[in-house]
Amino acid sequence: MRVGVLTGGGDCPGLNAVIRAVVRTGVLDHGCEFVGFRDGWRGPLEADTQPLDVPAVRGILPMGGTILGSSRTNPLADSAAEGGRSGIERIADNLAKLEVDALIAIGGEDTLGVAERLSQTGVKVVGVPKTIDNDLGATDYTFGFDTAVNIAMEAIDRLHTTAESHHRALIVEVMGRHAGWIALHAGLAGGANVILIPEQPFDIDQVCDYVQKRFETRYAPIVVVAEGAHPKTVDTPVADAELDAFGHVRLGGVGQLLAEEIERRTGKEARAAVLGHIQRGGTPTAFDRVLATRFGVHAIRAVHDGAFGTMVALRGTSIVRVPLAEATRELKVVPPERYAEAEVFFG
Ligand code: F6P
């Protein structure tokens, strides 16, 4: 079999571990050949490929990013149509031309949504879930999340000491558009005094109370805020006007706004630190390398078994196959009872 592989959407530590496991298992166990598609869906859309064999995946296990490149190119968008053919038709034609029998698409809800559409038209696709946000309902964990949490936790540890030296509040803004998993886990692991997540709109008076209380001890407050968090008085998160190809707004700025408001209301100095893409860069943790490797092994096994239209997922400690349709059905958000566990540490 000749199998195409692509990585789409925001990059994520562990992508290379998946690619390596797919290729090694495919070549050594099943005699497959591989074609690497460049930059997510742009690759099959424009027939942009790169060689992908066992030597090509040597040494990539500890590397962040993706050797295949990534993009948010959306084949379902009108702009993907060309010469009377839709983006989906162009991809199907290119796969046939390149004699690619099946495709492994590694990505989040957008990439997997396209995979599902392709699968409905008869293209043989298997999905692998990926997002540092850990918000895909069909899998207990996605790789990249553990790395992002560890990076954010280390930053919080460092911010504690400088905040205390200067008797100032530090507001740490982390990623998470709709789900506050990174904020919750990093905040708990880093001993934050307040954690603000998109699922629980916050009351700025209460946040300032927690900040004041903390200043009354000899320690300085650390507030962890997810980029999608917003006050009760406002319906939407802080965002700029730009939309990406899948129609998502670019979030960011809530940390700075909080710092200004806390300073104004409490009279104490407050500074914001935005971790941004640092959370997605660099080498994956052991947990993410192992999960990504297991996903890769099981994805190529699914191809070999002809289990197309499925995605590999972690349920408990087992890797299972779920319909691709399920991959994008439900966003996994932080349940109120999980947030309540953290609330006892606030202030
Ligand atoms: O979905 C993953 C994610 O890292 C989000 O947490 C974040 O909002 C978004 O991607 C930012 O992506 P980019 O800046 O690459 O468009």
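These questions and answers cover the cores, one arginine and one helix pair of a predicted model.

Student: Which helix gives the most to the largest nonpolar core?
Tutor: The largest nonpolar core has 84 residues, and those with the most contacts inside it are Phe143 and Leu196. Eight of its residues come from one helix, residues 145-166. That helix is H5.

Student: From which domains does this core draw at least three residues each?
Tutor: A second, separate core of 25 residues, including Leu6 and Ile88, is set aside here. The largest core draws on both sides of a domain assignment. They are domain 1 (2-143 + 284-327) and domain 2 (146-281).

Student: Is Arg214 buried or exposed?
Tutor: Arg214 sits in helix H7, residues 204-216. Outside its neighbours within four places in sequence, its contacts include Glu164, Asn193, Tyr219 and Gly347. Its relative accessibility is 16%, and the cut-off for buried is under 20%. Arg214 therefore counts as buried.

Student: What separates the C-alpha atoms of Arg214 and Trp41?
Tutor: Along the chain, the two residues are 173 residues apart. In space, their C-alpha atoms are separated by 48 Å.

Student: How are H6 and H11 oriented, roughly parallel or roughly antiparallel?
Tutor: The axes of H6 (residues 181-189) and H11 (residues 336-343) come within 11 Å and cross at roughly 30 degrees. Angles under 35 degrees count as roughly parallel. So H6 is, relative to H11, roughly parallel.

Student: What is the handedness of the crossing of H6 and H11?
Tutor: Trp181, Leu184, His185 and Leu188 of H6 make the contact with Arg338, Tyr339 and Ala342 of H11. The crossing in which H6 passes H11 is left-handed.

Key
Residues numbered from 1 in each chain as written. Predicted model: local features only at pLDDT ≥ 70, side-chain atom pairs only at ≥ 80, totals over all residues. Heavy atoms only, no water. Core = buried A, V, L, I, M, F, W, Y, C linked by side-chain atoms within 4.5 Å. Buried < 20%, exposed > 50% of the residue type's maximum accessible area, 1.4 Å probe, protein only. Helix = DSSP H or I, 4+ residues; strand = E, 2+ residues; numbered from the N terminus. Domains from an automatic or database assignment. Contact = heavy atoms within 4.5 Å. Axes fitted to C-alpha atoms, helices over the stretch in contact; angles between N-to-C directions. Parallel < 35°, antiparallel > 145°, perpendicular 65-115°, else oblique. Left-handed = near helix turned anticlockwise from the far one by under 90°.
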